[in-house]
Structures are given as structure tokens and as C-alpha cells.
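Let's take a walk through the open and enclosed spaces of this model, and then visit a metal site and a small sheet. Have the structure at hand as you read.

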Amino acid sequence: MPEDIINLIQESVIQGRIYKDDEGMDEGMVGQPGVTELVESALASGLSIQSIITKGLSGGMNIVGQKFEAGEYFIPDMLASAQAVGAAMEILEPYLAGSGVNAKGKIIVATVKDDLHDIGKNIVSILLRGAGYTVKDLGNNIDTQAIVDAVREEKPQFLGLSALLTSTMARMADVIQMLEQNGLRDQVKIIVGGAPVSEEFAKSIGADGYGADGFQALAVVEALTSGTEN
Amino acid sequence: MPRKGILVDRPFERLTREQAELIHQASMQILTDPGLISFNREAVDILHSHGAAVESIAGDHQSWQVKIPEQLVLKALDTAPKTVKLGARNPDNALIMHGDEPRVYLITGSETNIWLDVDFPTYVNKADPTKEIRVPEFKPRRGTIDDLCQSAHVCEHLEMVDGYIRTVNIQDRDITEENKDVNKFFASLNNNTKHFMSGLTSLKQLDNVVRMAELIAGGKKALEDNPIISFITCLVKSPLQFVDDTTETFIEVCRRGLPIVVSSSPQAGTTAPIKEAGIMAQINAEVLAGITLGQLVKPGTPVLYGSVPVRARMDTLGDSYGSVETSQYNIDCVQMARFYRIPNYSTSGVCDSKIPGQQSSIERLFSDMVVTMSGPQYLHCAFGLLDCNSVFCLLQAVLDDTHFKMIEFFLRQPRVDQPELEAMLKQIRDVVATSQKLYIGHIRPVLRSGEISGVYPFEGSGEADDVFELAHERMKELLARPVEHIDRETTARIFEEIPGILPRLNIYESGS
Ligand code: B12
């Protein structure tokens with residue numbers, strides 16, 4: 001039953017299960033198909049990409065969001081669900097073009113040169129993927145030039161930069177400057193974050209947005225997408 | 001199923017086995033030279049008839065010098081039960097204590113004269129009147145029977161409280177020397193289904209309170225099997241004196257076979273030597289003397305080795321429960337009781353501080369942690385007690401419960417075994433192979449299993465310190481939660497058979 005598969009996809013997102021061997025939120029889930037297996041069979045049975053994404057994945061994630069607001073879910077639960085959505089989106093990516101689903105956009109993220117801190121950036125990536133964005137994570141300690149090259153080649157809508165050291169924060173400004181020099185600045189919205197970074201700092205270097213944590217990162221990206229951010 | 005308590009895997013000890021042995025020998029020597037002074041005739045007769053040397057002391061009060069020979073003590077240590085059960089109205093709240101098992105039960109008490117109310121008046125900043133804060137204000141007053149009911153009620157719901165010793169002395173106008181015992185027993189038992197331990201105000205009331213306990217437990221035999229009440233007597237006054245009236249009470253309780261604590265509370269510096277070896281040799285001798293007397297009255301009487309040693313404050317010569325040495329002495333006593341394999345009643349948590357605050361938290365948490373780690377079976381850890389045992393604050397008791405949850409968590413045994421390590425090796429290899437290298441996904445299976453300790457439950461929002469207000473909210477919540485009172489029929493029988501209980505305590509009649 002097609003409807004059933006959609007419901008199961010939604011449930012597997014709520015349970016935060018990617019593969020059939022994964023444990024879920026509730027007992028006794030191991031062995032039942034996870035979100036990747038379910039998405040494969042949904043595709044095989046001809047379900048529309050649209051319904052898989054909007055009803056299944058986003059529907060599940062909305063419920064997860066409500067549970068989080070209500071204090072029933074903690075961040076690890078939220079991240080597990082986001083990871084499940086991310087894994088499903090990876091499978092769906094080749095089918096997006098021409099599916100009628102508006103792809104939410106591509107985001108490149110990186111921790112800047114000389115900075116090895118990547119926990120926060122990884123969390124930001126997971127949440128963005130979970131919200132349906134295509135995230136290309138360049139990693140940490142990434143050369144300014146390499147970031148600019150990636151923007152040129154991948155043509156993302158967003159660039160997310162992370163820095164955790166006062167000494168590496170300035171690299172974010174370097175990236176923006178080099179993008180300008182290369183005539184790429186207008187093609188991409190730039191958001192920045194990391195413990196020492198602030199709203200003011202973001203403005204001062206000419207970034208488009210700032211997020212104090214993963215949820216704000218997502219909110220600011222969504223706001224920039226819909227054009228409500230100024 | 002008895003309560004679980006906190007099982008301390010490898011208890012912390014200060015003394016080596018040899019040092020414990022030396023203290024034991026010194027105590028034995030003390031019991032024959034100088035021996036004890038007894039102000040109680042019956043104790044003298046009992047000890048004398050079993051071979052103790054007795055000599056009358058000239059003076060105003062009748063008193064005797066009693067020298068207790070070592071073999072009498074050793075025999076008593078032999079007949080004293082190594083396992084003691086303290087029952088409870090709710091049998092699931094029973095406490096089973098093995099003298100050689102460091103399983104810690106946490107107990108409230110003991111009685112203070114002052115009850116501390118708390119209120120949160122608002123203060124306005126003089127420089128900027130738009131700024132207001134609420135500040136806790138503590139107001140002391142004399143304790144009443146209503147307070148006792150409230151405290152028993154809240155302690156019923158405090159998770160970490162395993163047994164109840166009443167926390168406040170009832171000083172209502174209609175409470176007399178004569179009716180105090182029946183009222184304090186009834187108020188406590190009616191609002192709390194955990195074990196109830198108490199001292200007696202008047203020996204004349206002993207049979208009344210035992211009868212009350214029989215009615216509640218379901219008869220004489222039922223009370224024997226499930227002793228829902230027990231007694232505490234400080235029959236020894238340091239240094240080395242059997243007091244007349246409490247010794248009499250002690251003998252009478254032993255005759256009835258109910259569990260009893262032999263407790264001694266010497267103060268290092270005034271009523272015991274200020275040196276650790278000295279107070280230890282003396283308190284151990286004092287407790288052993290009491291245990292010996294009890295076992296002679298009725299061999300097999302369940303006793304607890306009760307120790308409340310304390311150091312004197314150098315400024316006032318009052319008790320300094322908050323001093324570090326007090327915890328050291330208590331830990332030594334726990335070890336001595338374990339040396340004899342007799343369950344121990346120990347003390348922690350009482351603080352010098354007069355109101356809840358930083359000092360009270362530091363003093364009590366310090367002694368609560370270290371003494372719990374030593375593994376006493378029955379830890380009178382003084383939920384809510386302040387000002388060296390003279391003030392009780394229910395708000396503080398709620399805070400203490402939280403802190404004991406942390407201690408309980410801390411003392412859980414580590415799980416390190418082959419299957420666990422194999423699972424961890426797999427997890428490490430799996431995560432290292434991923435690009436993000438985060439273990440967050442593996443938090444989930446343990447997130448709700450109780451394997452992860454919680455954040456401090458009274459954490460405020462932002463930078464405000466809301467601990468007291470949040471704890472106060474919690475206290476009100478617990479008071480609003482019902483308790484299982486003694487049933488209507490039993491209550492009626494208690495009021496019929498036992499004289500002196502205030503009619504307003506009868507929840508079925510007073511309409512409250
Ligand atoms: C963990 C950690 C490390 C780990 C990093 C491991 C890893 N895989 O990332 C290790 C041990 C490797 C490390 C090393 C060092 N560290 Co370090 N480290 C930390 C620490 C304790 C926590 C950082 C963290 O992961 N937080 C948890 C995550 C979830 O939070 P977050 O990173 O802030 O991310 C959130 C937000 O900021 C935001 N966000 C993050 N990125 C982005 C990006 C975008 C686009 C957006 C919108 C939002 C966003 O969302 C995230 C999720 O909510 C911080 C202290 C702190 N309080 O921040 C010090 C800290 C950052 N480290 C510090 C230092 C000094 C160092 C070292 C120099 C120490 C040394 N002498 O070797 C080295 C530097 C190594 C290097 N070259 O980078 C200092 C920095 C001080 C300064 N001058 O700025 C700090 C502040 C500690 C301190 N107080 O001294 N560190």
C-alpha cells in the first residue's frame with residue numbers, strides 16, 4: 001500500500017532510523033526497514049518524489065520538531081531524525097530535477113583555514129540536510145582559495161563558514177574578500193557561526209547571516225531563502 | 001522487596017585493618033579502666049550479674065563504677081544480629097541491613113525546635129527602580145505538629161529518603177510531656193509509609209506507641225516480622241556514663257525486642273579527646289558498652305551501632321557538624337561497626353550554617369558525599385537540618401534530595417566487561433569510519449535508560465540564580481501530591497485504644 005510506505009517513512013524519520021539494523025526511539029525496531037530501504041521501495045512502487053519528501057520526510061521532521069519543542073525529544077533525537085532525512089535525500093537527489101519538487105538549495109560548509117573545530121559545523125550540516133538542503137561539507141582547516149574554488153564550481157546558494165578561534169575568525173573576512181575579487185560574492189549568500197562569532201562581527205565582515213546554534217543556522221538559511229532576512 | 005538504598009561497591013576507609021584492631025583493643029581497655037559510670041541501677045545489676053565488677057561511688061547522685069570485662073563484650077558482639085530489618089507501613093519501603101554489606105539507606109531527622117519558613121519578597125533597585133528581584137527570606141518559628149505532618153508528607157515523596165526520623169519537635173500548646181510521644185508517632189506514621197525511628201519523651205508511653213504500631217502493622221506477630229517502628233536512645237553520655245532515664249528506656253525497648261540504636265555523641269575537644277585516636281577509642285567503648293547491656297537484657301535484640309561523633313567549634317565550643325573532622329570521625333565509626341559486622345547508624349549533612357545558601361550546600365554536600373562513600377547502613381543524613389541540628393527547613397530537604405541523587409549516581413558501579421568493551425570497540429570503529437566522526441547517534445539508546453545523569457534540576461534561566469524558587473515550587477508540588485494515610489478503620493481503633501492523640505489529627509473526623 002503506497003500510503004503505508006509514506007507513513008512508514010514518516011515514522012522512520014520520527015524514530016531516527018536510517019537502516020534496518022538501526023535502533024529507534026522505541027523498543028523492538030531493529031530488523032524493520034529504515035528510511036533508506038523505505039525510500040528505495042517507495043521509488044520502486046512509483047510513488048511521487050513530491051509525496052515522499054513533503055508527506056514522508058518533511059511530515060516526519062515536523063512532528064520531530066513538535067516533540068522537541070514539547071521537551072519530549074532531545075538534541076540527539078533531533079539529530080538522528082535529521083540524519084535519517086539527510087540519508088533519504090541523498091537517494092532522492094538524482095530524481096529531484098524534473099520531479100516538480102523545488103530543491104531547497106545547495107549549501108557549502110567549511111571550517112576555515114587553521115581551525116580544526118568541526119563539531120558545531122557538523123551539527124549545522126546535519127540539521128540543514130535534515131531540512132532538505134543539499135549540503136556539501138568541505139571539512140575543516142580549509143584553505144581560503146579552496147573555499148572560493150568550490151563556490152565557483154558548485155554554484156551553491158549558500159556558503160556556511162565556521163570558526164571557533166578568535167585567531168581564525170578573520171579568515172571568514174578573507175573568504176568574503178576573495179569571493180568579491182573573483183566576482184562571485186553576489187552569487188552566494190554567506191552565513192557564519194562559531195563560538196566567538198557574533199551578529200555584529202558577521203555584519204562587520206559583510207556576511208548575510210549569523211547563527212548562534214544549529215537551529216538558528218537553519219532558521220537564518222530558511223529566512224534568506226524566503227527573502228525575509230535583510 | 002526492600003528498598004535498594006545505595007550500594008557502595010568499594011567503601012572508602014580511613015583506617016587500616018591494624019588501626020581498627022588497635023582502636024578495638026584500646027576500647028576494651030577503657031571498658032575495664034576506667035570503665036563506665038552508671039547512674040542507672042538496673043544496668044548495674046544486669047552487668048554485675050554477668051560478671052562486671054561494680055563499685056558504688058560516693059556523692060549526691062546514686063552512681064556506680066562498672067568495669068565490663070572483654071569476654072562479656074565479645075559475647076554480646078556474637079549474639080547481636082548481623083542483619084537487621086527495619087520494616088515499614090508499605091512493605092516495599094522496608095530496610096534490610098547487613099553489617100558487612102555497605103548498602104546505605106538515607107534517613108531524615110532529627111528533631112529541631114525551630115522550623116524555617118521561606119518567602120520570596122520583591123526588592124527594588126534604588127538606583128534603577130524598574131529593576132526588581134525576588135529574594136528568599138527565611139523566617140524561623142517554633143515547630144508544630146502541623147509542620148511535622150508536612151515534613152513527613154514531603155519526605156514520603158522525596159525519592160532518596162529511605163526512612164523517617166521526625167525532623168521537628170512539636171511545641172503546640174496542647175502538646176504535653178505526656179501526650180507528645182503518641183502524637184509524634186501518629187503524625188509521622190500517618191503521613192509517611194517509610195520506616196519510622198524515634199526517641200521517646202516519656203517511657204510511660206512506650207507501650208502505647210508499640211500498641212499503635214501493632215494496630216498499624218496488623219498485630220503483635222506482624223510487628224515482629226515487620227517492625228515499622230524502631231527506637232533511638234542516647235543511653236551513654238560522654239565521657240563514659242550510663243544516663244539514668246535513657247538507660248531505663250533502652251532496657252525496656254530491648255525487653256520488647258524492637259530494633260534500637262545505641263548511640264553516642266561525644267564532642268571532640270570537650271567530652272572526648274580532640275585527637276582522632278582518642279575520640280575513636282572512647283566512642284567505640286561507649287557504643288560497645290550499650291550493645292553489651294542490650295544483649296544481656298535480651299540476646300539477639302536487633303541493635304544498630306550508632307555514632308554521632310562531632311568536633312567542637314573553637315569559637316563557641318558548640319557542636320561543629322560542618323567541620324571536616326566530624327566526617328572523619330563518622331567514617332572511622334562506620335569502619336568500626338563493619339569491623340564488628342553490626343549495622344551502623346551514622347551521621348552526615350548537618351551543617352553549621354543557619355540558613356540555606358552557599359555555606360549550607362558546601363558543608364552538607366561535603367559530608368554527605370564522603371560519609372556515604374564509607375558505606376554506613378543507616379545514614380542519618382539530616383535532610384533539611386541547619387544550624388548544628390537546631391533548625392529544620394523543608395526547602396533545604398528538597399535540595400538535599402537532589403544532591404543525594406547526584407551522590408547515588410556517582411556511586412554506581414562502572415560497567416566494564418568483555419561484552420561491553422566489544423560493543424564499544426565496534427562503535428569506535430564505526431564512527432571513526434564516518435566523515436563526521438560524531439558519536440551522537442549512540443547517545444540515543446542510553447538517553448532515557450537512566451544511564452545519563454540529569455542537569456541540575458533547579459537550574460535557572462539565563463544568569464539568574466533561581467535555585468531556591470524552583471526548589472520551593474518542587475516542595476509545593478510534593479505537598480500537593482497525596483500520601484497514603486492509615487486507613488479509616490485502623491485510625492478509628494487507634495483513637496479508641498490509645499489515649500492522648502489530638503482529635504485534629506484524625507483526618508476522617510476533623511474534616512480536613
Ligand atoms: C571541542 C574543542 C576543541 C577540540 C575540537 C574537536 C573537534 N572535532 O572540533 C580540540 C581539542 C581539537 C580543540 C583544539 C583547540 N582548541 Co578548542 N575548544 C573546544 C571547545 C571546548 C568546544 C567547541 C565545540 O565543539 N563546541 C560544541 C559545538 C556544538 O558548539 P559550537 O562549536 O560553538 O557550534 C555551534 C554554534 O557555534 C554554531 N555554529 C558553529 N559553526 C557554525 C557555522 C555556521 C555557518 C553557523 C550559522 C553556525 C555555526 O552552531 C553550532 C551548533 O549548535 C571550545 C570551548 C567552547 N566553549 O566553545 C574550545 C575552544 C574553542 N578551543 C580553544 C583553543 C584555544 C583550542 C586550541 C588552540 C588549544 C591548543 N592550545 O591546542 C586548539 C586549536 C586547534 C585548532 N587549530 O583549531 C579556545 C579558543 C580561544 C580563542 N582564542 O578563541 C576555546 C574557546 C576554549 C577556551 N576557552 O580556551 N578544541
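By class, 14 nonpolar, 6 polar and 10 charged residues line the second largest pocket; here Ala, Val, Leu, Ile, Met, Phe, Trp, Tyr, Cys and Pro count as nonpolar, Asp, Glu, Lys and Arg as charged, and the others, Gly among them, as polar. This is a predicted model, in which local features need pLDDT of at least 70 and side-chain atom pairs count only at pLDDT 80 or more, while totals for chains, interfaces and linings use all residues. Residues are numbered from 1 along each chain as its sequence is written, chains are lettered from A and ligands numbered from 1 in the order in which they are written, and side-chain values use heavy atoms, with hydrogens and water left out.

Of the 30 residues lining the second largest pocket, B:Glu159, B:Met160, B:Lys405, B:Glu408 and B:Arg412 lie nearest its centre. The largest share of this lining, 8 residues, comes from α12(B). Helices (H or I, at least four residues) and strands (E, at least two) are DSSP runs, numbered from the N terminus.

The spaces can be set side by side:

| Space | Volume | Nonpolar / polar / charged lining residues |
|---|---|---|
| Largest pocket | about 1,500 Å³ | 17 / 11 / 12 |
| Second largest pocket | about 840 Å³ | 14 / 6 / 10 |
| Largest cavity | about 50 Å³ | 3 / 7 / 0 |

On a 1 Å grid over the protein atoms alone, a cavity is a set of points where a 1.4 Å probe fits but cannot get out, and a pocket is an open set with protein on both sides within 12 Å along at least five of seven lines; lining residues have an atom within 4 Å of a point. Grid points are joined across faces, edges and corners, and a volume is the space filled by probe spheres set on the points.

In the largest cavity, α10(B) gives the most to the lining, with 3 residues. That helix also lies across β18, β20 and β21 of chain B, at about 145° to β20(B) (contact means heavy atoms within 4.5 Å; axes are lines fitted to C-alpha atoms, for helices over the stretch in contact, and angles run from 0 to 180 degrees between N-to-C directions).

These 3 strands form an open sheet of mixed pairing in the order β18-β20-β21, where strands pair if DSSP finds at least two bridges between them. Because β18 and β21 of chain B stand at the edges with a single partner strand each, one side of each is left without a neighbour in the sheet.

Finally, the ligand's cobalt atom has a single protein donor, A:His117 (NE2), 2.3 Å away; donors are N, O and S atoms within 2.8 Å of the metal (3.2 Å for Na, K and Ca), and water is not among the atoms, so sites may look incomplete.
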